[in-house]
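Q: I am learning to read protein models and would like a close look at a single part of this one. Could you take me through one residue in a loop, together with its surroundings?

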Amino acid sequence: MSFIHGIELCRRFHAEVVEPLLTDSFPSLMYSAALLGPGSEVLGYDTEMSTDHDWGPRVYLFLNEEDIGYSEQIEASLRERAPAQFYGIPVDVKMSVISTIPMFIESCLGLHIHEPMEAEDWLTFPSQSLLEITRGAVFRDDTGQLTALRKQFNYYPHSIWLYLMASNWQRISQEEHLMLRSGYAGDELGSAVIASRIVRDIMNNCFLLERQYAPYPKWFGTAFNRLECSDQLMPCLWTAQTAGTWRERENALNSAYTHLSSMHNRLGITEMIPDNVSTFYDRPFKVMHGEGIAKVILKHISDNNIRQLAEKRLIGNIDQITDNTDFRKLSHLAGAEGKYAKDALKRLFKPFNRA
């Protein structure tokens, strides 16, 4: 049998196994069914290699909070009636999850859905976690709550979006000249390491400019290749990544900067930003001066709290602060530990003059 992508496999599993079972055994139960959460198949990037672990026929079943008591009965019915194999693939009923939307959101984002959400909360969410909510597929949504949730987190609010773009340009400004200076001093390896960091920042800005969440590292390049800008930017970025000399890196990155600026200007979200490089003081280097672009973008942030944060600390979100996977997941831990981590993280994003 030819390979079936996980989204389609799980869609069929719901339609052919789960939905008939629930209709028969729990005819009045309202629920939502979907393929969400972690997994390459949720992003649509699964291949035959993905089938060796944590892959197979499964669903997320979301019950209303007052109906969560049915979960054990539903699990028992699935164990009893689900086939041993589905389209030739072994069925492990324990892979399916029965939950509520508030429980799911807390596990993904460390967010209590019944409490007010602040603008700073968006800065604590790894973009991969947002993809785990907004990608995948919904197979059934009796109450519409799951569809509304996915719409709510479809993309960053406008002020957060601008803040993240400005933060990326700030990051670029802090290292664009260092890549050149280290190469000029004869440290080609150090220059190449910095260039790689800048390449990642440019790619992240491309995701932002096209209003797409960036996935975790395994699929970062794959997802970038599917952006509209990738065909034009890929040659520059690949040259910057593989160049043997700092001058080659300089030319490649400067081409990428100017293309990035042109993308920004076409959106018309701020006044025009420079689309050409210039010298770095009196040194024989050319840079984009990303800090100036960041300042232009920040002027258009309308949310007062985010504007105050930008004036104090232009540090971006958790993805821009660290790439440590365990740290990114700290605030998603259950119970008091997760709440403590969440509160501590949010304090980073609150200006000093606010509680």
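A: What follows begins with the whole chain, turns to one threonine in a loop, and ends with two other places for context.

This is a predicted model, and every value below was computed from it. The protein has 355 residues, of which 52% count as buried, and its secondary structure comes to 16 helices and eight strands. Its C-alpha atoms fill a box of roughly 75 × 55 × 35 Å, taken along the principal axes. Among contacts between residues at least 6 apart in sequence, 73% join residues at least 24 apart, a figure to keep in mind when looking at the neighbours of the chosen residue.

The residue to look at is Thr124, found in the loop that runs between helix 4 (101–109) and helix 5 (127–134). Is Thr124 buried or exposed? Its relative accessibility is 0%, and because buried means under 20%, Thr124 counts as buried. Leaving aside residues up to four places away in sequence, Thr124 touches Ile318, Ser331, His332, Lys342, Leu345, Lys346 and Phe349. One of these, Lys342, also meets Thr124 through a polar contact of 2.7 Å between the two side chains.

A second threonine can be read in the same way. Thr322 lies in the loop between helix 14 (318–321) and helix 15 (325–328), and at 17% relative accessibility this residue too counts as buried, because the cut-off is 20%. A polar atom of the Thr322 side chain lies 2.9 Å from the backbone nitrogen of Asn324, whereas the polar contact described for Thr124 joins two side chains. Not counting residues up to four places away in sequence, Thr322 touches Phe327 and Arg328.

For a view of a helix rather than a loop, consider helix 8, which covers residues 188–209 and has 22 residues. From its first C-alpha to its last, helix 8 reaches 31 Å, close to the 32 Å expected at 1.5 Å a residue. After helix 8 comes Arg211, whose phi is positive, near 55°.

Finally, to return to the outside of the molecule, the protein exposes about 17100 Å², and carbon and sulfur atoms supply 51% of that area. The protein carries 35 positive and 45 negative side chains, with the centres of the two sets lying 6 Å apart.

Key:
Residues are numbered from 1 along each chain as its sequence is written. This is a predicted model: local features need pLDDT of at least 70, side-chain atom pairs count only at pLDDT 80 or more; totals for chains, interfaces and linings use all residues. Side-chain values use heavy atoms; hydrogens and water are left out. Helices (H or I, at least four residues) and strands (E, at least two) are DSSP runs, numbered from the N terminus. Buried means under 20% relative accessible area, exposed over 50%, partly exposed in between (1.4 Å probe, protein chains only). Contact means heavy atoms within 4.5 Å. Accessible areas come from the Shrake-Rupley method with a 1.4 Å probe; for residues, only the protein chains shown count as cover. Lys and Arg count as positive and Asp and Glu as negative; His and the chain ends are not counted. The place of a charge is taken as NZ of Lys, CZ of Arg, CG of Asp or CD of Glu. A polar contact is a pair of N or O atoms within 3.5 Å; within protein, one must be able to donate a hydrogen and the other to accept it, and residues adjacent in sequence count only if both atoms are side-chain atoms. The expected span of a helix is 1.5 Å times one less than its number of residues.
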